[in-house]
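Welcome! Let us take a friendly walk through a protein model, from its charged pairs to its nonpolar interior.

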Amino acid sequence: PLDRLYVLEMAGIPPDDTLVTFPTGERRVIVLRHGAPDNTVFATVTFPDSVFLVADAPDSVTIVVQPRPGLYAVDLASTVLPRPGATIRFSYPIHFSAPVAAVRRYGSVARYEQALSVAQLTREDRYQLLPSSRPASDNLQAPLAGPGTYLVAAPR
């Protein structure tokens, strides 16, 4: 449950909701950025060219990404279910805010940051920590399992 996670908090101007429609056989990278003046990357969602090529797929797919205020979290919707291969990457170089209770539990902001993973809402109130990697400093990436809620968190 969410009360068993320390969710990474976000300060600063949040990104806007994003809606993108593109051909199903085309690679697409959706980049969400914090608002001006810094415009730093908040999250990147990558769809390889074959991820929406399924039987009876329409000619195009629409993706909606809605950031959750105050958190490193998004709600993602899709008109076509993606096959494996899509990824979500959260970037938190500037607007990172560790919960006070997490710092107490882990002993430091650095240890809390090391424990972070991307989590996905799997049922009404349950989250699953996904296998996550760090492709760059202050970046956390995981496979995108389809539409749903994704967030950055560490176990309590």
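## Charged pairs and a hidden core

R126 counts as partly exposed, because its relative accessibility is 33%. Please keep in mind that this is a predicted model. R126 forms a salt bridge with D125, and the closest N and O atoms of the two are 3.9 Å apart. The partner, D125, is partly exposed as well, with a relative accessible area of 43%.

How many salt bridges does the structure hold? There are four. The table shows three pairs, including the one we have just met.

| Pair | Closest N and O atoms | Relative accessibility |
|---|---|---|
| E26 and R28 | 2.3 Å | E26 33%, R28 25% |
| R68 and D75 | 3.0 Å | R68 30%, D75 23% |
| R126 and D125 | 3.9 Å | R126 33%, D125 43% |

Let us read the table row by row. E26 and R28 meet through their side chains. E26 is partly exposed because its relative accessibility is 33%, and R28 is partly exposed with 25%. In the next row, R68 pairs with D75. R68 counts as partly exposed at 30%, and D75 counts as partly exposed at 23%. Buried would mean under 20% relative accessible area, so D75 at 23% does not count as buried.

Now for a residue on the other side of that cut-off. Is S91 buried or exposed? S91 is buried, because its relative accessibility is 7%. This serine lies in strand 8, which covers residues 87-91. Its side chain is joined to the side chain of N139 by a polar contact of 2.8 Å. Leaving aside residues up to four places away in sequence, S91 touches V41, F42, Y72, D138 and N139.

Next comes the nonpolar interior. In soluble globular proteins, nonpolar side chains tend to be buried together. Here, the largest nonpolar core has 37 residues, and F47, I63, F90 and Y112 touch the most other members. Strand 5 (residues 41-47) gives this core its largest share, four residues. Another core lies apart from it and has seven residues, among them V7, Y127, L151 and A153.

What does I63 touch, not counting residues up to four places away in sequence? Its contacts are T18, L19, V20, F22, I30, F47, F52, L76, A77 and S78. One of these, F47, is also among the four residues that touch the most other members of the largest core.

How values were computed:
Residues are numbered from 1 along each chain as its sequence is written. This is a predicted model: local features need pLDDT of at least 70, side-chain atom pairs count only at pLDDT 80 or more; totals for chains, interfaces and linings use all residues. Side-chain values use heavy atoms; hydrogens and water are left out. Helices (H or I, at least four residues) and strands (E, at least two) are DSSP runs, numbered from the N terminus. Buried means under 20% relative accessible area, exposed over 50%, partly exposed in between (1.4 Å probe, protein chains only). A polar contact is a pair of N or O atoms within 3.5 Å; within protein, one must be able to donate a hydrogen and the other to accept it, and residues adjacent in sequence count only if both atoms are side-chain atoms. Contact means heavy atoms within 4.5 Å. A nonpolar core is a set of buried Ala, Val, Leu, Ile, Met, Phe, Trp, Tyr and Cys residues joined through side-chain atoms within 4.5 Å.
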